[in-house]
Structure formats: C-alpha cells, structure tokens
Amino acid sequence: MSDLRVHKTKYINETKRVSFKYDGKNYFGYEGDTLASALLANGVHLIGRSFKYHRPRGIMSCGSEEPNAICQIGDKKDLTEPNVRATELEIYEGLEAFSQNCWPNVKFDIGGINNLISPLIPAGFYYKTFMWPKSFWKKVYEPLIRMSAGLGKSPTEPDPDMYDHKYVHYDVLVIGGGLSGIISAKIAAKSNLKTLLVDDKKTIGGSTIYQSNDSFKIDDQHSSKWLEKEINEISKIDNLTVKTRTSIAAYHRYNYLLARENLTDHLSIKDKKDKIRQRLWKIRAKKSNRSDRRN
Amino acid sequence: MLNTHYPQITDNKLNDVEISLQEPISKINLRGKSKEFFAKVGKVLSLILPNEANTSSFSENFNAIWLSPDEWMVYFKNDDEKVIFNKLYSEISKVNYGSVTDISDQWICINLKGSKIYDILSAGCSFNFDQFLKTDGLSTQTIVNHIDVILHNKNTYNINLFVRRSFSEHLCLWLNDSAKFI
Amino acid sequence: MKNKYSIFSLIKNAFSDHENWQQAWGDPEPKKEYDAVIVGGGGHGLATAYYLAKKHNLTNIAVVEKGWIGGGNTGRNTTIIRSNYLWDASAGLYDHALKIWENLSQELNYNVMFSQRGVMNLAHNLQDVRDLKRRTHANRLNGIDAIWLETDEVKKFCPIINTSQDIRYPVLGGTLQRRAGTARHDAVAWGYARGANEMGVDIIQNCEVKGIKRNGDKVEGLETTKGFIKTKKIGVVAAGHSSVIANMAGIKLPLESKPLQALVSEPVKPIIDTVVMSNAVHAYVSQSDKGELVIGAGTDSYVSYTQRGSHNIVEDTLKAILELYPIFSRMKMLRQWGGIVDICPDASPIISKTNIKGLYFNCGWGTGGFKATPGSGDLFAHTIANDEPHKLNAAFNLNRFVSGDLVDEHGAAAVAH
Amino acid sequence: MFLINCPFCGERDQSEFSSGGEAHIVRPKQPTELSDDEWAEFLFMRKNIKGVQFERWNHSHGCRKWFNVVRDTSNDKIHSVYKMGEKPPVK
C-alpha cells in the first residue's frame, strides 16, 4: 500500500478488506473506496489512454467530472459495461475492471504511435485527406478509421438486469447534498414543503464531511461535526426524502427532471441478484419563478 | 367473437399490495346536460350526479364517477343488471334527455388495497396522487403504463381501477410485476 | 485560389504547426447589393450558393446565417443518406442527390466521409412487408438499387438485431439499399462553404434576417441585423424557420415546425456496421466513425421552435431500440438534442418559386433533408438562376397544395410525420 | 414535457393530451363556393408562428374535451387556457 491513503476518515472502513481485479491483477481496497481511490492507494496511476493520440491518462478528479479514468467493468458478454468512471464506481467483492482503448495493454499501447505522428493528424485532419484514390475510402481508409473508433466495448448479449422507473412530485427538489443543499432542503421541508434532496455520492455531506481541522469551523465546531448533527436532524424530518447514489440526468421544461438512482452497482455480485439495478426517477418539482426565468 | 375473458390475477398479495378482480359488476355510461336528464338519473338511482371535476357520488347501491362535464360512469353490484339499465334507458335515452350505454363488458374493475398502491401506480403514471390519496371519493382518468384507466378512491389506500377489457390482462401482469419491486 | 487539401498539404503544414492554413471561408461584412442572397447557412443553403456560383456563374452572391454555418439541422441530424423513396418524382430528386454524394468529396476537395454502408428498412407486420416490397419494386423501376431481405438475411447483414419471432414487433424482413449510408454532416456544410467562398460567395454569419422588403410583387432586399442588403433574388433555405421568413414577406406556407430529437451514446468499438431503420417501432440506429451509436427519435405532435422536444418521445424510441437490440441496454447515452423540422402535409419538400417575383423557397424537408443536400442545392440553384424549376424539382412546387398534385411520401419518410 | 391546465380536469402531464394544431381556423360556411386557392388556404396553409400561438388541444386520456391553449412556441410557455367557444384572451 502506498501512503497516499488518508487514514482515519470514517467513510472508509479499514477493517473491511475488499478484493478486486484491475487488468487481471488482484488488488484490495477497503469498504467505502471508489475504484479510483483503491487504485491510487495501490499505487496504480496509469488508468487509460486518450481517445485519439493514446496518451497515458491517470485520475484527475474525484467524481462525475472525471475525464480520464474511464474503465470497462466486467468481461462477461452480457454484463460488461463500457466507459465507467473509476471515480464514481464503489468497489465491491469480485469487481473486475479493465483499462480501455489500448492494445496490447495500457502500459505498452501500440496506438501510442498516434502520439508520435500527432503533428500529421491535427483536429479535423480527416476532412483534408483520404480522398485519393477514391475507391480507397471505402476499402482502406474508413475501415482503418473505424478500427480506432470508440473507447470501451459494447456488451454482445442481452442485459439480464432489471430496471425500474417512477414518477414523483415534490414541492422542492434540491440537487446536491453538500452543506448548502442540506440546509436548503432542511429549511424547505420545515416550511412545510414536500422536499427531495438528491446526491450522486453514497453519503450526503459533500466535501464538508472531510473537514475536521481548525481551518474549517462552523459555530465553533469542526464543520464536519457540525454538519453531522444537521444530517442527523434532517433524517428525522417527515416530508424530506433523501436519495443518495442518485444523479440528475436531464432538466426539461416545467421543472421536469430525470434522475438515475444506482441501487446495486456497489454490491457484491451475489448481493446484486434479483434486485433492480437502477431506477429512473421522473421528478416533477413545483413550478417556481426561478424555473420560469430559466425558460 | 366478443372477448369475455377476465385477467388472471395471481400472487395478489405482495409487499402490502392486494390486487383483486371486482367482477362481475355493472357499469353504465351516462351522458346528458338537461334538467330532465339529472332529474331522471336522480329518480332511478336515488343519487345526485357529481358536477365537480374528478369527484364521485354514491347512494346505497350506486357509485357515480365524473368523467367530463356531461359524462359519468355509474357502477354497481346487481344480480339483475338489465333492470336498472332498462329503466334508465327508457326514461332517458328513449326520450332524448341524454344517452345511456351499458359498458359492463367493456370495462373491468380491479381493486387495489394497501399502503404501497400509489408506489405501484407511480411506476407508470405521471398523475400527482398527493391530493387524490387524501380524499375519499376522488376520481381521475389518466394513463398507467400507457393504458387508459379510471381510478376511484374508495377510501384510504383502497381504490377501484377501471380498465378496458382488452388491455386488462396486460395491465394486471404489469401491476403484479411492479408489486414485486416496490 | 485555395490551397488544395491532401496528405501532402497536411505534411507541409505539420512543419509550421498547422498555423499557416488558409482560412476556409472568410468573415466579410455584407456588401450593399448582391445579385442573389441565400437566407440560411445550412447544408442546403451553402450547396445552393455553391451551385449558383459553379453552374450558373452567379458569384456576386451572399449566404446570410443568423447563427453559425451548419449549426441548425445540418449539425443536428442522424446523417442518413438514401434514395429509396416511393414516387417517381421523389426517386428522381433523392437519387439525383445520391449520385452527387458519390463524388462529392473529390468535387469539393473536402472529405465529407460519405460512407456507403447500406441502409436497411425493417418490416414488423404484414402491411410493412407489403409496403416495403412495393417500394422495392418501385425503386427498381426507377433504377434505384433496392433488394428485399428475408428475416435470416436481415440477421446475416446485421447480426446484432433481435430477430426472434416472439417479440412484440418481430422482424419479418426488410429492404436494403447498398448505395445508401451516412456522411459526416459538419463536413458537408464546411466543404460547401469553402467551395462557394473560393468562387467569391460571401458567407455572412451572425446575420439574422429581420424583414423582407417588397415593392409590389417583387422583392427589393433584406433587412438584417447587419443592415439592409439590396437584392432582386432571395432564396430562403431556413428549414424550421421558413414560416418565420415567409411571414416577413407576407405569405403563408403549408408547414408546421416541430422538434425532432436524436441522441448518441458514449463511443464504443465498432458493433454495428450499417444503418438500420425501423418505422413501425420508430427506431433507427447507426454507428459513427467515432464509435457513438447514433439514434433517431421521433417528432413531437405540437408546433415548437425550442430545439429540445419531450422526454417521452426519446423514451419510446429507446424502448424500441432495446427490443430490437437488447445488447445495448447497458450503454449510456451521451447527449440528446432536438432540431426544428418543417413538415409539409404530404411529407415531401418544396423547392419552388412563389407568387412574389424573386422570392424562392426551399423548405418542407421535414425529418429527412440531410440526404438531399447536394441535389437540393443543385436544383434550387437552377430554379433561382433560371426563374424556372428544373424538371427534377418541378413536382415539388408550392402550387401542388392548390392543384392537389401531392407527392405523398409518408411511407418512405424516415419518421412518421 | 410541459404541464397543461385542462380547463375541466386541472393540471396534468402533457402526455395525457393530443395537439390539434392552430386554433380558430374557421371551416368554410359554403364549401361549394370555394376556389382551389381558398381550399388550399383552409386545408394546408398555416401561420406556424414562432412566438405566441393560439392552438387546440384535446385531453385525450382524460375528459376527452377539446379546448384552446395560448402557448409561446419559442419556449413552450403556456400563457392561458380557455374553453371552446369562449372568447380568446387578447395578446
């Protein structure tokens, strides 16, 4: 284990080891790790290759904004999933992840040749060439271009998993369960408004929950401590629903939003069985002035 | 040939949802606007048709659901359904006060009971049940899983759902399926 | 004279870090007067300008575009190109375009990546089978390559389709046009812009038309956000906004503008090597050279200029996609968008003069204009230059809505209108 | 996916409704007297407005009544809803 790991946060349970495979090699992390944090803790930094020039890529962020650390999960023909961000996937017992867009492997990638000839293939180069001789476009050039298309691989057999969807109506929808989101949701719910708070992470609290030193204080307490109390309090409010592992996917007119809730992607393979994998929430939040301005 | 099959309802007690077929019951569609129309309906059914949208009214034997400003559905359990229909028909349709149509075979009534019934419906229905579930007697026409339905809130967490016979089998399968995964 | 694009020019420019490429088209201010002005800098508009300059020696012309070129439906479609339409008039029009597509990259010296990977149309019920077989026969009589495929041949041509006969809409066969395929949509606009600009056409972006000045039954010019432009000929190629321009000239068109949606998945390695369309279940899909699955959804039923559309339309399309391609269930959609399509009652376009002298309209392409881009430009240029339609677009005049000579292509249009 | 306030049933999701296109297109009183141009105008020509438009909608999965909607087609904002036969609100 490299010493990149920050010990003593309660969000990683260091008593519970979880083993997983990355590119065929066995590693272990702890319960609460994302694939990205577990890989970093194991000293693995090279995760993928860039789309065109196949330049080496590592982990750059810690959430849905991750542009680099994108993996193929699983190798079963029906269950494999392409283009999963390592920063979003929680590790589970039996997880198998693979680097993408490289051959034969991520460290030595033949496609890296593209990087060497990158001066020849600037943005939009294909509009300027491959026109002669004409018959070569169909037989040679385009097949070559298509060979280098794509990042991950599509499954090749039908998906055995189950999915669900549901319409819900709320007075207030709060997107993002950080400090401000939690307080907004609390105030809304206490003002007798039916409120939904969604966050894409497994716990709400945002980055505040990690702030446990004297530089971050609210009401003379470490802000993580302070927020913990608030989180505890909102869990008792009747007309406030909190959905974690839920990310907003679309904003349509009249405050109609779509959210994807991940229900089993973090569970071990045997615990996933017979459960709904994801649920699409079709959320209608009450029309507000703000949304009108958005219109 | 006329389809007179009823949907098979199995596994009807799942996750505190009880689904049961409420058949046979009689259903009559009433349309009219005139004073005489309301008077005749009142006389035959001893019932005042609801004039407020999305509501219903009832008398000892009959339930009447508002469908549109000049249209209602009356449903009732009756061993001799034709008697009521014939009475209404001769007092209203025949004398052009309005129209009376027997729709007993067209629509099927399914009863849903239990604290999770609205969770099931919400899986395929964009209707906002917040008010509906709080008030006994409310009714609504909407879509559940792409199928037209009429819903009637009998009392707390107990609703009658009406669906066209040809869609009923499919809807029941869907309801059962959804009930497994609330 | 523009520099020629080739592998050699790429190598040459690599030495100067690609900083010395010539501008592909300029950014001029409008002149006071032009011989003709094209309203709308999409594929059709730019192609019209290109052919006006190339074939009709009209080089004192401008294309005015309210946004950026290719930013409307040209940049929003699913890039399908085919010519297997039912009626003779349509066959003539769309196959004329297809023939130009086949040499377009060489003609423009700009690789539009026209890819003849075939377009398959699936039949899901007996009426589909009859309709598609009829269309196949009609196509062949018009010299358009089309064949009928039985279910097993469909499966062979595109193995990932679920051809099981116990799904809700089983595949009962399909037609295949091998010469059909896709092209790189942006490149089409850019290639025509570069070609037109080379011959002297002014391409004026960020220039919105605000009014059309008429003198009696003649046009005199355009009010734009960049000032008044005097011209005797105005060719309107404004797609979803055609009615807006028509209203400025004081005429009405038989059009309704509706959002048509499309979406693409995250890029994956090649998995589908052709274009498959399926009108009955409303799903069509292909895979771009970048690896994204390109999926076409339907139009909304109401008039809207919002370029977004309702979610239930996309949801229904994806349901159909998953029934036909259950392997795509775990794929994630990357982005979704809408384009505003102008739909004619007969699902055929209008390339026509109007009652106002010097005012021409090229519109009504509905959900399938991209495929016609070169042909549409060529024929519209002919109509503007000669003040008479070419024989290939004579049937697509505005007067057909008065005379009743409609060209009913609802069956062959990509999306149910 | 907008919400439409049905004048009979109240606010419902757009998916319960069908659009009937432009409103207040009056059916010719004397169809036999019409010229071809007038027929074309009645049958096919539409204002197709970008902006505030008067249109007809039907609550096809609810009360099945037709009514009128004033909607801005450039942002789908509904300004008002009124019953058939009622006087349209002034713009």
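Salt bridges, then. A search of the whole structure, which is a predicted model, finds 59 of them over all chains. Let me take three pairs and one network.

Start with Lys332 of chain C. Its salt-bridge partner is Glu81 of chain A, and the closest N and O atoms are 3.0 Å apart. This pair crosses between chains. On the chain C side, Lys332(C) sits in the loop between helix H8 (311-324) and strand E18 (333-343). On the chain A side, Glu81(A) belongs to strand E6, residues 81-85. Are these two residues buried or exposed? Both Lys332(C) and Glu81(A) are buried.

Next pair, within chain C. Arg400(C) and Asp346(C) meet through their side chains in a salt bridge, 2.7 Å from N to O. Distant parts of the chain are linked here, with the two positions 54 residues apart. Arg400(C) lies in helix H10, residues 400-403. Asp346(C) lies in the loop between E18 and E19 of chain C. Arg400(C) has a relative accessible area of 1%, so it is buried. Asp346(C) also comes out at 1%, and so it is buried too.

Now chain B. Lys82(B) and Asp102(B) form a salt bridge at 3.0 Å, N to O. They are 20 residues apart, and the pair again links distant parts of the chain. Lys82(B) is in helix H2, residues 81-93. Asp102(B) is in strand E7, residues 98-102. Why does Lys82(B) count as partly exposed? Because its relative accessibility is 41%, and partly exposed runs between the 20% and 50% cut-offs. Asp102(B), at 26%, is partly exposed as well.

Last item on charges: the network. Salt bridges link Arg31(B), Lys33(B), Asp70(B) and Glu71(B) with Arg64(D) and Lys65(D). In general, side chains of opposite charge can pair when their charged atoms come close.

Staying with chain B, here is the overall picture. The chain has four helices and eleven strands. Its radius of gyration is 17 Å, close to the 16 Å that the globule rule gives for 182 residues, so chain B is as compact as a globular protein of that length. Along the principal axes, the C-alpha atoms fill a box of roughly 50 × 40 × 25 Å. How much of chain B is buried? Of its 182 residues, 52% count as buried. The exposed area is about 8,700 Å², and carbon and sulfur atoms supply 49% of that. Then the contacts. Take those in chain B between residues at least 6 apart in sequence: 59% join residues at least 24 apart.

Back to chain C, for its sheet. Six strands form an open sheet, in the order E9-E3-E2-E13-E20-E19. The pairing is mixed. Which strands are at the edges? Strand E9 (202-204) and strand E19 (350-353), each pairing on one side only. From one strand to the next, the twist averages 15°.

Look at one pairing inside that sheet. Strand E2 (residues 36-39) and strand E3 (residues 61-64) of chain C run parallel, joined by four bridges. Val37(C) stands opposite Ala62(C) in E3(C).

Two helices lie across the strands. Helix H7, residues 242-249 of chain C, lies across E2, strand E13 (234-236) and strand E20 (359-363). Helix H9, residues 373-386 of chain C, lies across E2, E13, E19 and E20. Helix H7 runs at about 165° to E20(C). For helix H9, the angle to E20(C) is also about 165°.

Conventions. Residues numbered from 1 in each chain as written. Chains lettered and ligands numbered in written order. Predicted model: local features only at pLDDT ≥ 70, side-chain atom pairs only at ≥ 80, totals over all residues. Heavy atoms only, no water. Pairing = 2+ DSSP bridges. Axes fitted to C-alpha atoms, helices over the stretch in contact; angles between N-to-C directions. Contact = heavy atoms within 4.5 Å. Rg over C-alpha atoms; globule rule 2.2 N^0.38 Å. Buried < 20%, exposed > 50% of the residue type's maximum accessible area, 1.4 Å probe, protein only. Areas by Shrake-Rupley, 256 points an atom, 1.4 Å probe, with all protein chains shown as cover. Salt bridge = Lys/Arg side-chain N within 4 Å of Asp/Glu carboxyl O.
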